[in-house]
Structure formats: structure tokens, C-alpha cells
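User: I would like to go through the terms used for this structure and see what stands behind each one.

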Amino acid sequence: MNNIIDNKKIFEEIEKEIDISSGKISDILAKAKELKGIDYNDVLTLLKVKDRDLLQQIYKTAVWIKKEIYGNRLVLFAPLYISNLCNNECLYCAFRKANKDLIRKALSQDEIKEEVDVLLSQGHKRVLLVAGESYTHEGLPYIFKSIETVYSVKSDKGNIRRINVNIAPLSVEEFRELNKCNIGTYQLFQETYHEETYKKLHIKGPKSDYLYRLETMDRALEAGFKDVGTGVLFGLYDWRYEVLALLSHINHLEEKFGLGPHTISVPRIEPALGSDISYHPPWSVSDEDFKKIIAVLRIAVPYTGIILSTRENSSMRRDAFELGISQISAGSRTNPGGYRHELHSAEGEQFSLGDTRSMEEVIRDMVAHGYIPSFCTACYRLGRVGKDFMDLAKPGLIKSHCLPNALVTFSEYLYDFADSSLKEKGFNLIENMIEKDIEKQSIREKVRKMLGNIEEGQRDIYE
């Protein structure tokens, strides 16, 4: 296919003068509260807002939408890096092939089991399996075996219930094979949608083919995937352009397949071993602009999950939760084997972390600020994915499943992993949310019954 990103159009739109009056912004935000999203031109208008009072209106609307759809739930996951081998030369990444300072590692299946054991001991129930864009001599079957290995690990505290995957672009046939592995979302970042910048930053390897990467989600959906996840690495090019291009990509998928991405990731570039660009981003994104990005995306695509990684520090993550983030990683490591054998340097990591707190510390902070950590995997396991998920989400029906499942999975975590102090605070929060956020008495009774079953020792209860 041709490039679906109209560079000329986006540039012209960013530069042209448009109405960003208080009345215009109020009209857009009123439309946004209908929870049907806003169109491309409305997004362009919001991106141009600089007035502080108008920005606060945008933020308040994003907060309202976040609470209306997601409440105070945040889904937790951990990235599981199984390999940092790579055939590409991406100038912002420590994994790039020419980086001789990086300690290369591809985990064996036994080593993957050890990593999963550690994650289970921390309370994790879902992982994002990540590999550099090269595999061992086994090729793609290495990924298939690794997925099977992760699912096979059982402990007295449970097992991994959902695996999402972030690996190199595949052909349609390869995606069909991957789809047989019982995974959830296939995730891939375009990094930058600006083709000229893309080619300057990806100088060698398969990833240097801009259009092949851009077409990846088309191939995944053609192969039968129900959930895909996109993302931009902010800092490589003008963030306003990237947001508009991302929305152009989403519009293309919705027009062609009737389905946009299940998730959007919003990483900012962070220092990486052997990468000068990562220390001096070409288009550095300020904290205030980053908040605007998150808020505008939440307003634009209200039912799409927005993922924030531990690239950001704890303070920024806390601000972002309220503005629209719905999924976060916690206690992350970005080097293969990093959970079992923590490094004291960045010699095996893809990038440096801003939030280095443990899973438990992140959860304590979430509870202190009124957020429910959710370990729910029910929709994926019950087939509420793709269009079926959106058919429930857009009328607001999915909430009757999401909050109960979040409360029950969090109670499971509290019984199995929390000390007495966290248990007390956590169960108080659960009780408060049952009374405050669940309107129907029948659902309250169902939740209390499920919580009672967890207290009696049952696990992995969901509906």
C-alpha cells in the first residue's frame, strides 16, 4: 500500500491559523463528553491550545472521561525481555546491532522459567513478552516456544494468565502462526511516523523499511488478530505531527477493518547505552506537553487503552494516571534475565528507567492515591476482544465486568502477597469502591460473594 500518512497535509494543518477561542474549545470538549471520541480537526485544535486556562479545561475533560470509562482502575503488567539480539541499526536504541558495549543475551527456556518464577512471586499475572528484532538460530519458533514456556510455569501463587507480545513485524502467514499461541495483544511501535526522520534513524536492517513496518497492523488484523497495540516514541520528531499521524493510522485501521488499536503506548525517549541521540532527543517533549499528549489522546479515543511504562518517574506517572492512562508496567526490567539477576549498570538494558520502584512499592502508592490495581484478564479469556469488546465498551456495559474483576483480582493479590498494613488499606479501598462506584445492588452482592470465595481460598475468579 502507499503511505497512509499524508505528510504535506499534516504539516499544512500544524502551521495554519485556526480558531482556538474559548467558545470553540468548549464546544469540542462538550462533544467529547458524549464519549464517542472527537474527529481529526478537533484534535488538531486541542493540540494548538497554549492558554493555561484552556489547557486546564482540556485536562479536566480528560480526567472526567478517564473516570467515567475506567474509574480508578489501573491494569498492571510486567515486560519480559527474553532477548536483546537485534539485526537493526536504530540510532536511539541500546539494542542496535553495532553497539559493542551491550552485553548480548537470549534466554534459554529454563532461564525464561526462572524469570517467570520471579514475576509470579511478585504477584504479576500478565506479561508483555519482548525480544530484540533478531532471534536465536531457531528463528521465529523460539518465540513460540517462549510463549509456551511462560504459560507452563505454575507456582503456589498462581500463573501468568495473559501474554501480550512485542516482537518484530511478521508476514501474514507468520502472524497466523503467532495467533495460534493463545496470546492477547500484538504490540508494535512505529517509533516515528515522519518518514524522512524514520529513515535517518533506522539506517540498517529490516526495520529500515518504513512502509513494511507501517503495514504491520494491517497484516496482523488480516491474519486474524483481534487486538493490536500501536505507539510512538516521543522525542524523535515533532509531537504534534506524531499525534496527528497516529490518529491517521487509527482512522485507516477503523475504515479498513472496522477496528482500531486496543492500546496505544506513549513512551518518551530515555537514555540508552551507546546512543548519543537518546541523551539529546531531537524533539524533546516537555512534561507539560507530555500531559497534553495523554489528555488529548484520552479525549480522542476514549475506549482505547493508553499504556505508560516505567520510563517515566513516579511523579509523572502519578499525574498521568488521572489524565488518561489505563495500563502501567511495574517493577520493570528491560534486560534479558533482569528479574532473576539484577544488573548494577545499563549494560544489558534497552533504555534507562525513570521509575525503579518494586511492584509492591508501586501498589502501595496507587492505593494511597485511591487507585485499584487490576490484574484482570477476563475479557481475553472469555473472548471479549476486538469488536466484541468495543460493542460492550461503547455503550458503557463493560464497566459492569471491569470493576468487579479488578476488585476481586486485587483482593487475591492482597491475600497472597501483602503485609498487614497494605491489606488493611487495600481492603478499605475495595469496600469504599463497592459502596461508591457500584450502583446496582445485584452487582454489589455478586462482588461480595466473589470476594468471599477469594477469602476462602479460591483463586482466578472472574466474570
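User: Which residues does H124 touch, and what makes them contacts?

Analyst: Leaving out residues up to four places away in sequence, H124 touches F77, A78, L119, I160, A330 and M359. A contact here means heavy atoms within 4.5 Å. The model is a predicted one, in which local features need pLDDT of at least 70 and side-chain atom pairs count only at pLDDT 80 or more, while totals for chains, interfaces and linings use all residues. Residues are numbered from 1 along each chain as its sequence is written, and side-chain values use heavy atoms, with hydrogens and water left out.

User: Why is H124 called buried or exposed?

Analyst: Buried means under 20% relative accessible area, exposed means over 50%, and partly exposed lies in between (1.4 Å probe, protein chains only). H124 has a relative accessible area of 0%, so H124 is buried. H124 lies in the loop between α5 (109–122) and β3 (126–131). Helices (H or I, at least four residues) and strands (E, at least two) are DSSP runs, numbered from the N terminus.

User: What does the side chain of H124 reach, and at what distance?

Analyst: The side chain of H124 reaches the backbone oxygen of A330 at 3.4 Å. A polar contact is a pair of N or O atoms within 3.5 Å; within protein, one must be able to donate a hydrogen and the other to accept it, and residues adjacent in sequence count only if both atoms are side-chain atoms.

User: Why is E15 called buried or exposed?

Analyst: The relative accessibility of E15 is 61%, so E15 counts as exposed. E15 is found in helix α1 (residues 7–15).

User: How do you know that α13 is enclosed by the rest of the structure?

Analyst: Of the 14 residues of α13, 11 are buried, so α13 is largely enclosed by the rest of the structure. Among them are F290, I294, L297 and A300.

User: What span is expected for α13, and what does it reach?

Analyst: The expected span of a helix is 1.5 Å times one less than its number of residues. Helix α13 (residues 287–300) reaches 20 Å from its first C-alpha to its last, close to the 20 Å expected.

User: How many helices and strands are there, and why is the chain called compact?

Analyst: The chain has 20 helices and 13 strands. Its radius of gyration is 21 Å, close to the 23 Å that the globule rule gives for 463 residues, so the chain is as compact as a globular protein of that length. The radius is taken over C-alpha atoms, and the rule is 2.2 Å times the number of residues to the power 0.38.
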